[in-house]
Amino acid sequence: MKVKDCMCNEVCYVTPSNSVCDCAKLMCNNHIGCIPVCDDTKNIVGLITDRDVILRSIACEKDATKTPVSEIMTSKVCCCTSDVDIKDAEDLMCKYQIRRLPVVDDNNKIIGIITLGDLAKNNNVSNESVSNTLETICKCNDKNAE
């Protein structure tokens, strides 16, 4: 099975100049915890999560109405294309310990997103596979954690 068979095709996104507050409202209104940041041509340039809003904005006492998302977003974003096999997408999630993977076309334009939740809801993805992916994502990289 390919990513295109499981991904969400309707993706909200913000631009780097959108405020953190606008981004948070978009997350709230759409019941999502992650939004890609795209330039004017829909090329992905970053990613912002609800955790970023809390830790990089509110906890740092930044004014969410004035702070652009470009100041708190993650700019090195792991993405995949829609023709990637689901197992390969899970491997990327595990490798980079991420729960959400933006899906881009060959020109780096956002076309979807695949999440751990999408995998869990899909009857063609085994519960064991999702469980293993979640376990790997949640593992700490601390060498003393054995």
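A salt bridge here is a side-chain nitrogen of Lys or Arg within 4 Å of a carboxyl oxygen of Asp or Glu. The close-up views described below are taken from a predicted model.

**View 1. The salt bridge between Arg-56 and Asp-52 in helix H2**. The closest N and O atoms of Arg-56 and Asp-52 are 3.6 Å apart, and the two residues form a salt bridge, one of 4 that the structure holds. Both partners belong to helix H2, where they are 4 residues apart, about one turn of the helix. Their surroundings can be read from the relative accessible areas: Asp-52 has 8% and is buried, whereas Arg-56 has 35% and is partly exposed.

**View 2. The buried face of helix H2 and what covers it**. Asp-52, Val-53 and Ser-57 are the buried residues of H2. When H2 is seen down its axis, these buried residues fall within an arc of 100°, and they therefore line one face of the helix. The cover over the buried residues of H2 includes helix H1, residues 20-30, and strand S2, residues 44-49.

**View 3. A nonpolar surface patch with Leu-55 of helix H2**. Ile-54, Leu-55 and Ile-58 form a nonpolar patch on the surface, and together they have about 270 Å² of accessible area. Leu-55 is found in helix H2, which spans residues 50-58, and this residue counts as partly exposed because its relative accessibility is 42%, a value that falls between the 20% limit for buried and the 50% limit for exposed residues.

**View 4. Two further salt bridges, Lys-87 with Asp-91 and Lys-62 with Glu-71**. In helix H3, Lys-87 and Asp-91 lie 4 residues apart, about one turn of the helix, and they form a salt bridge in which the closest N and O atoms are 3.0 Å apart. Lys-87 is partly exposed at a relative accessible area of 47%, and Asp-91 also counts as partly exposed, at 35% relative accessibility. The side chains of Lys-62 and Glu-71 meet in another salt bridge, with an N to O distance of 3.6 Å; here Lys-62 counts as partly exposed at 32% relative accessibility, and Glu-71 is partly exposed with a relative accessible area of 48%.

**View 5. The largest nonpolar core, with Val-103 among its members**. This core has 14 residues, of which Val-3, Ile-86, Met-93, Leu-101, Val-103, Ile-114 and Leu-119 touch the most other members. Helix H3 (86-96), strand S4 (100-104) and helix H4 (116-121) are the elements that give two or more residues to this core, and H3 gives the most, with 3 residues. Apart from this core lies another, of 11 residues, and its members include Val-14, Met-27, Ile-35 and Val-53. For the neighbourhood of Val-103, residues up to four places away in sequence are left out of the count, and the contacts that remain include Val-3, Met-7 and Cys-80, together with Ile-111, Gly-112, Ile-113 and Ile-114. As a general background to such clusters, nonpolar side chains tend to be buried together in soluble globular proteins.

**View 6. Cys-34 in strand S1 and its contacts**. Cys-34 is found in strand S1, which comprises residues 34-38, and with 7% relative accessibility this residue counts as buried. If residues up to four places away in sequence are not counted, Cys-34 touches Met-27, Leu-47, Ile-48, Thr-49, Arg-100 and Ile-113. Cys-34 and Thr-115 are 81 residues apart in sequence, while their C-alpha atoms are 9.8 Å apart in space.

**View 7. Positive phi values at Glu-61 and Asn-108**. Most residues other than glycine have a negative phi. Glu-61, although not a glycine, has a positive phi of about 55°; Glu-61 is found in the loop between H2 and strand S3 (80-81) and counts as exposed at 76% relative accessibility. Asn-108 is likewise a residue other than glycine with a positive phi, in this case near 70°. The position of Asn-108 is in the loop between S4 and strand S5 (110-115), where Asn-108 counts as partly exposed at 32% relative accessibility.

Methods:
Residues numbered from 1 in each chain as written. Predicted model: local features only at pLDDT ≥ 70, side-chain atom pairs only at ≥ 80, totals over all residues. Heavy atoms only, no water. Patch = residues over 30% accessible without salt bridge, like charges linked within 9 Å, V, L, I, M, F, W, Y side chains within 5 Å. Areas by Shrake-Rupley, 256 points an atom, 1.4 Å probe, with all protein chains shown as cover. Buried < 20%, exposed > 50% of the residue type's maximum accessible area, 1.4 Å probe, protein only. Arc of directions from axis to C-beta. Contact = heavy atoms within 4.5 Å. Core = buried A, V, L, I, M, F, W, Y, C linked by side-chain atoms within 4.5 Å.
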